[in-house]
Amino acid sequence: MTLSLYDATIPSNLQMLRAVDALLDKAEAFAAERGIAPDALINAKLADDMLPFGYQVKSCAVHSVGGIEGVRCGSFSPDTSPWPTDFAGLHTLLRGAIATLEAIDRETFDALADNDTKFEFGTFVMPFTGANFLLSFSQPNFYFHATTAYAILRAQGVPLGKRDFMGMPRMKG
């Protein structure tokens with residue numbers, strides 16, 4: 001069995017983006033049921049020196065679609081733009097990323113594997129191939145931010161479990 005770059009990246013990103021989108025639904029319902037202002041959850045953090053839930057959600061899109069765009073153009077830099085400050089905006093961001101990933105052509109994507117790709121942050125530069133960037137930099141960041149978003153909501157009391165984090169696995173069928 002040959003596992004392509006597409007197979008190693010796109011289906012799992014879609015699974016997790018859909019799961020994070022469903023976390024937003026649960027967070028929104030929790031806030032409404034408890035009379036909590038939505039921005040209290042969107043601005044919640046695990047630690048004072050970490051960025052909030054809204055940033056974590058935004059970063060899931062950045063390290064999926066944004067990572068792919070970085071490989072296409074040869075350079076990826078951290079996205080310092082503000083994140084959406086409401087649930088509707090976060091949903092829009094995630095659903096846009098999902099739609100973009102769903103539209104990716106497998107062969108075109110697999111052809112990105114050998115693209116020279118740089119991570120650039122100021123004068124700091126890390127050189128990669130496209131595949132190595134996506135699999136060893138962007139994907140770990142993607143999972144970190146998805147996990148952190150889940151953990152922030154759990155710490156705020158949103159009733160979530162492991163299945164909420166995982167979303168819908170790709171079963172034989």
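## Burial and surface

In this predicted model, buried residues account for 44% of the 173 residues in the protein chain. The accessible surface of the protein chain adds up to about 9100 Å², and carbon and sulfur atoms hold 56% of that.

On the charge side, the protein chain carries 14 positive and 19 negative side chains. The centres of those two sets sit 8 Å apart.

## Overall fold

The protein chain is built from seven helices and three strands. Walk along the sequence and you get the order α-α-α-β-α-α-β-β-α-α. The radius of gyration of the protein chain is 16 Å, close to the 16 Å given by the globule rule for 173 residues, so the chain is as compact as a globular protein of that length.

Measure out the C-alpha trace along its principal axes and the span is about 50 × 50 × 20 Å. Now look at contacts in the protein chain with a separation of 6 or more: 76% of them come from residues 24 or more positions apart.

## Helix α4

Helix α4 covers residues 87-102. Its 16 residues, at 1.5 Å a residue, should span 22 Å, and the end C-alpha atoms are 22 Å apart, so the two agree.

Which residues of α4 are buried? They are Phe87, Gly89, Leu90, His91, Leu94, Ala97, Ile98 and Leu101. The cover over the buried residues of α4 includes α1 (5-34), α2 (38-42) and α3 (53-73).

## Three residues in helix α3

Start with phenylalanine 53, which sits in helix α3. Its relative accessible area is 0%, so phenylalanine 53 counts as buried. Setting aside residues up to four places away in sequence, phenylalanine 53 touches Leu24, Leu41, Ile42, Ala44, Leu90, Ala149, Ile152 and Leu153. One of these, Leu90, also appears among the buried residues of α4. Phenylalanine 53 and aspartate 39 are 14 residues apart in sequence, with 9.7 Å between their C-alpha atoms.

Glutamine 56 is also in helix α3. Glutamine 56 has 2% relative accessibility, so it is classed as buried. Leaving out neighbours within four places in sequence, glutamine 56 is in contact with Leu51, Phe144, His145, Thr148, Ala149 and Ile152. Two of those names, Ala149 and Ile152, turn up in the contact list of phenylalanine 53 as well. The C-alpha atoms of glutamine 56 and valine 20 are 10.0 Å apart, although their positions lie 36 residues apart along the chain. Then there's lysine 58, again in helix α3. Is lysine 58 buried or exposed? At 3% relative accessibility, lysine 58 is buried, because the cut-off for that label is under 20%. Beyond its neighbours within four places in sequence, lysine 58 makes contact with Asp79, Thr80, Ser81, Pro82, Trp83 and Leu93.

## Alanine 131 in helix α6

Helix α6 takes in residues 130-155, and alanine 131 is found there. The relative accessible area of alanine 131 is 16%, so this residue is buried too.

What does alanine 131 contact, neighbours within four places in sequence aside? The list is Leu5, Leu112, Ala113 and Ser136. Alanine 131 and valine 71 are 60 residues apart along the chain, and their C-alpha atoms are separated by 8.5 Å.

Note on methods
Residues numbered from 1 in each chain as written. Predicted model: local features only at pLDDT ≥ 70, side-chain atom pairs only at ≥ 80, totals over all residues. Heavy atoms only, no water. Helix = DSSP H or I, 4+ residues; strand = E, 2+ residues; numbered from the N terminus. Rg over C-alpha atoms; globule rule 2.2 N^0.38 Å. Buried < 20%, exposed > 50% of the residue type's maximum accessible area, 1.4 Å probe, protein only. Contact = heavy atoms within 4.5 Å. Areas by Shrake-Rupley, 256 points an atom, 1.4 Å probe, with all protein chains shown as cover. Lys, Arg positive; Asp, Glu negative; His and termini not counted. Charge placed at Lys NZ, Arg CZ, Asp CG, Glu CD. Expected span 1.5 Å × (residues − 1).
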